[in-house]
Structure formats: C-alpha cells, structure tokens
Amino acid sequence: MSPIPESAIEEIRDRADIVEVIGESVPLKKRGKNWVGLCPFHPEKTPSFNVTPDKQMYYCFGCQAGGNVFTFLMEYEKVDFPSAVRALADRTGVEIPEADAETGPDPWAPLYSANRLAAELYHRRLLESDDAAPARAYLERRGISRAAWETFLLGWAPDEWDAVLAEARRQGIEDAMVAEAGLAVRSEKTGGFYDRFRGRICFPIRSPGGRVIALSGRRLDDGEPKYLNSSDTPIFTKGRTLFNLDLARAPIRRNGSVVVVEGNFDVVGLYEAGWKNVVAPLGTAFGAEQARVLRRYAATAYLAYDGDAAGERSAFKTGDELLAAGFTVRFVRLPVGGDPDSLVREGGGEAFEERMGAARDLIDEKIAVVVDRVDLGDVPRKRRAIRRLLESVARVPDPVTRSLYLDRVASELHVAREALDLPAAPAAGRPRPAGEGRRVPAAAAPAGGGTGFPRGRFAHPVRLPETEDERYLVLHAVTDLQWLDTLIELCRPEYFDNEENAALFRRLAELRAERGDEAIDVLRTSPDPLVHRVLARAEMVMREEAGFELSDRTFHESLRRIRERAVERGKLQLDMEATGDVVADALTRRELKRRLTPGRVGPVRRDGPRGGEGGPTRDEV
C-alpha cells in the first residue's frame, strides 16, 4: 500500500471531529470547554479522561493515555496508523491519492514543484527584470521594503502568455501539470495552454508547513479582477486556506490570538509594523473551515477589516463564523475609508495598536450599530434587527456565553429577556450516543517497525519521574522554530530525566536537520502514538490545567535549570579549572551555572495581541 501524503493526513486531522469519533466508543459529558468520561484504557470509577476539541486532543489524568484522533483509533481499535488514517478519510470525505511508478511516493509532489518553480521565477523577475520596474515602483510607493519582498517571496508575473510554461518545460514539467497546479489555463479556441498570471504582482500562498501551494496575483491598476488566485487543486482549496498562516502560526499560538484582515497588503503592512499574528482569506468570504483551522492555534480573534460599509459587513459575517468555531471575537474599528495597511503607513504600528486597544466584543459592536442606525421606535425594523442579532448569538457554542449575550441584547434594546427565542442552530461537537453511527473497522494487526521511541511493557505506563521544566521545553519546542533551534543548540537528549521527552526532543532535532522548517508539522503527523501522548500530556497538563503560557522568559529559565541538573548529574561539564580552594571553586562553579543559558536569543519581535481580559499587548520576545 502506498504512503499517505502528509498534506492528506493534515486535512483529515482538520476535518475529523475528535469528540464525535471518541464519543461513539466512550460516553462523554460536556464539562466547561472539554468533554469528560471514563477512560477506556484503564479501570476507573471517577472520570479522568478528557477530550479537548479546541486542540483535537485527548488525555487521561489517571493513566496518562493521550494523543489525537488517529492515536485514539490506533489504541482503541488496535489498528495501525495507515488504517486509522484511511478509516477517517472515508468518514470525512477526504480522497487519498494512490502513488504509482510515475508519480513516486507523493503523487502531489509535481504540483508542489510547479508552484515552487513559478514562485521563484516570478520572484527573480521582480528583482532583476526591466519589465518589472513598474511593479518595483508600485511596491515602493506602498512602503513595502525589500526585506518584505524576500520574507513573502513577492514576485512579478510578466505580461506574457507563457513565461511560467516555458520555464516549466525547461525543467521537464509538462503543460498539463502546470495547469493542474492552477498556474495555467487551457484555451478553448486552440486547445493549448497559457499562463494564468500575467502583468501582476504575485504573492505565493503557502501551506501551514511553508510549502508553496498556490499564487495570488494583484493588478497594478484598478482593473478587474483586482486579485486573481490559483484555481483549486488537490493541494490547494481556497475556502480553507489563509494567507500568511505559515509565518503567523507560532505568534498566534504564543499570544493566544489572531488578527484577521481582508487583503494580502494588509498582512504585509502589519507584519512590517511589528504585528506577526495576522492572516487573511483569499478574496472570498471567510468560511467555517478557515475558522476551524485557526481555532487550532488561538481562542481570541480580532477583526481588522476596511473602514467602510462593505468592510463592516464582511467583518460581521466573518465574526459569525468565528463565533461558531468557539472564538472570542473582537471588532477593530478603523478610520472611515482606511484599511490596516494605510493606517500603519501613515501612523506606524502605534496607530494600529491604539485601534486594537479600543476593540469591542463583536456582539457589543453589533448592538451598538443597531442602536445607532436603526429607528427603534419602528417595531418591524427593531424586530428585524433583533432577529439578526439573535442569529449571531445562536452560533455561540457555549451556553453560558449565549445566555450572557441574550441578557445584553435584552438590556440594550429594552426588550423582555423571556421574549428572546434563539433561532435553531446546528449542534457542533456533540458525540453520538455509544453504539450509534458508523464504527471504524479494525485492521487484522498493527504494522511492525520501530521509530526510535522507547517501548514499555504496558500501553500506558505510570508517569515517570520528570520535572515541569521538561514539559515547558517540549511545549516551546513544538510551537516555534526559534525556540526549537535554541534548544537544539544548548541542550542534549541526555539532559532530560524523562525518557519519552528525551526521545521526542531527539526526533525533533532529527526532523529539523532533515526537513527544515517543516519539522514541527511533520512531527505532528507522526504515526507514533508516543509522540502524541507526550504532546497531549504537555498541552493538557501545562496549558489546560496549570494555565501555562509560552514566553521567552519561561523558556530560558527552564532551559537553564535543565542544564544545571545536567551538570549535577555529570551529563554536562563546566569549563573551569579547579584551584584547590574549596570556597573559590564553589563560587566559580555557581557563577558558571548562572551563565549556563543566555538570557535572550534572536531578534526582538512584536507578535501582536494576546487573548484574554487584559487587553491586547505586543509581546516582545
């Protein structure tokens, strides 16, 4: 059986509802934002098995079983990883292409190659070609620096019919494959192909792992269509992709919040002004799948759409989708006729920070709009306005939050609370009763083969002695490549007390060397249940239970303590010469231990707002 592409695994994981899957086998009850039940992996009378839909993880505080939707099926149904993935693919409607002799291990590899080829060709043309002079001048007028050209791999698609097709032919890629990659169009008259992007500034669209999967082109004038995107392909679906998510993921996770804007230039402008946790849809209405993707990384969303009527309407529609996904949504009011890009160009990052600080809860903003613009003395109009508000409130999955919003609508619009009936909203994330629905078929036997992780006698052994510092480091390392690189530089697997944490770190370091910037994503799609058990334990125990937040300070403090303990155990040698003076040597050793870990590594970055009640700040790392 052919290998399953990582992109397919990621899509299946995004679409699968872990609460629904586990709920078919384990009776679950809602408790706060989690679902709880009796653990299926060890006997217990008091529920300690938790399922967190936000993170698509499960964890048992009794036996430390944990993982994602794939590992649950592997552990519960006793199937191997490919069988679990294929069963969930059938359930979620994701098609897994089969590899053949011509396409190799990943049948979509030629599509990735074609997109990367186009992005690099257009980038070179922007930097070097005479015909790109108007594009360079346009970017300079908009205040986009040369550094940003490199960061976003901006390019120029010349006004030619076959620029990318000709380059693809030189590299052995057929025209039909370029068209399948969404970069060329077949002519109805001649039957031949021509370039989709001509006379446009191009923005490569990248997967969360950083691979180029499509392009978005912007005209230099006001002609239509202003923006043109690649057509949907097996590796790119416009309705579930977000521009800049590859660069924004770590800042979003770190801050617990995301800023959603309308256009590519808004993203670039805010990024240059210091706001890193910014994404944008691709010229179409923001959809439920995009909201679900973002919910994996954050709980708070800020909507910074254009300061006109159209921008407000789009922001409100986007906000409804984010509410339904479980976000706390805040509306950022921009100057009339302005957008985020123009705001930071004229007033810098501080101007945008001021607007972020004044952001209002989405429902409060909608109520304020109704009070300001609707004649509340006109009963039919007031009724219609209230109905629209209730349609938004009905999307909120948390019953307590819904009730509080209803109280607010009743109070602000002077209507009896008991008269407010919410319209029906589809239930989301509720498990089916045990025994109902389609069960996942079990495979004959799990696949063999090792991954280098330690195997115990029991499926879920009791917790080994470990320090919280190790969990801190694991969480940081799987969140941000900068923290991972620092850990690789200053730490060794043998510094860890916990064998599983050491194995996870060793695997991460290997992936960083082999797969570069894709290392964290590759680890998260690993078939090894131990990987996901360690990740679930860190996420659930440290973040859910302890309320732990990622920060540069906690990372370096934990790393210093890990290295100090490594010195004490003889795993790390201090570079000092003994003088024979016991007191002097002790003082020298203490000073060297104090300097074990540098206080800061890397450039200062401003990542954007943190979620929560304290209001937005820019976290300097």
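**Close-up views of a predicted model**

**View 1. Pairing of strand 9 with strand 10.** Strand 9 (residues 200-206) and strand 10 (residues 212-219) are joined in the antiparallel sense over 7 bridges. Within this pairing, I201 stands opposite R218 of strand 10. As with the other views, the model shown is predicted.

**View 2. The open sheet that holds strands 9 and 10.** The sheet is open and consists of 4 strands in the order 6-9-10-11, with antiparallel pairing. Its edges are formed by strand 6 (155-157) and strand 11 (227-229), each of which pairs on one side only. On average, neighbouring strands of the sheet are turned by 35° against each other, direction ignored.

**View 3. Helix 5 against the sheet strands.** Helix 5 (residues 109-128) lies across strand 6, strand 9 and strand 10. Relative to strand 10, helix 5 runs at about 40°.

**View 4. A cis peptide bond before P225.** The bond from E224 to P225 is cis, and its omega is near -5°. P225 belongs to the loop between strand 10 and strand 11.

**View 5. L153, a buried residue with positive phi.** L153 is a residue other than glycine, yet its phi is positive, near 50°. L153 is located in the loop between helix 7 (146-151) and strand 6. Because its relative accessible area is 11%, L153 counts as buried, the cut-off being under 20%.

**View 6. H414, an exposed residue with positive phi.** Phi of H414, likewise a residue other than glycine, is positive, near 55°. The loop between helix 17 (399-413) and helix 18 (468-477) contains H414. With a relative accessibility of 68%, H414 is classed as exposed, for which the cut-off is over 50%.

Definitions and conventions
Residues are numbered from 1 along each chain as its sequence is written. This is a predicted model: local features need pLDDT of at least 70, side-chain atom pairs count only at pLDDT 80 or more; totals for chains, interfaces and linings use all residues. Side-chain values use heavy atoms; hydrogens and water are left out. Two strands pair if DSSP finds at least two bridges between them. Helices (H or I, at least four residues) and strands (E, at least two) are DSSP runs, numbered from the N terminus. Axes are lines fitted to C-alpha atoms, for helices over the stretch in contact, and angles run from 0 to 180 degrees between N-to-C directions. Contact means heavy atoms within 4.5 Å. Buried means under 20% relative accessible area, exposed over 50%, partly exposed in between (1.4 Å probe, protein chains only).
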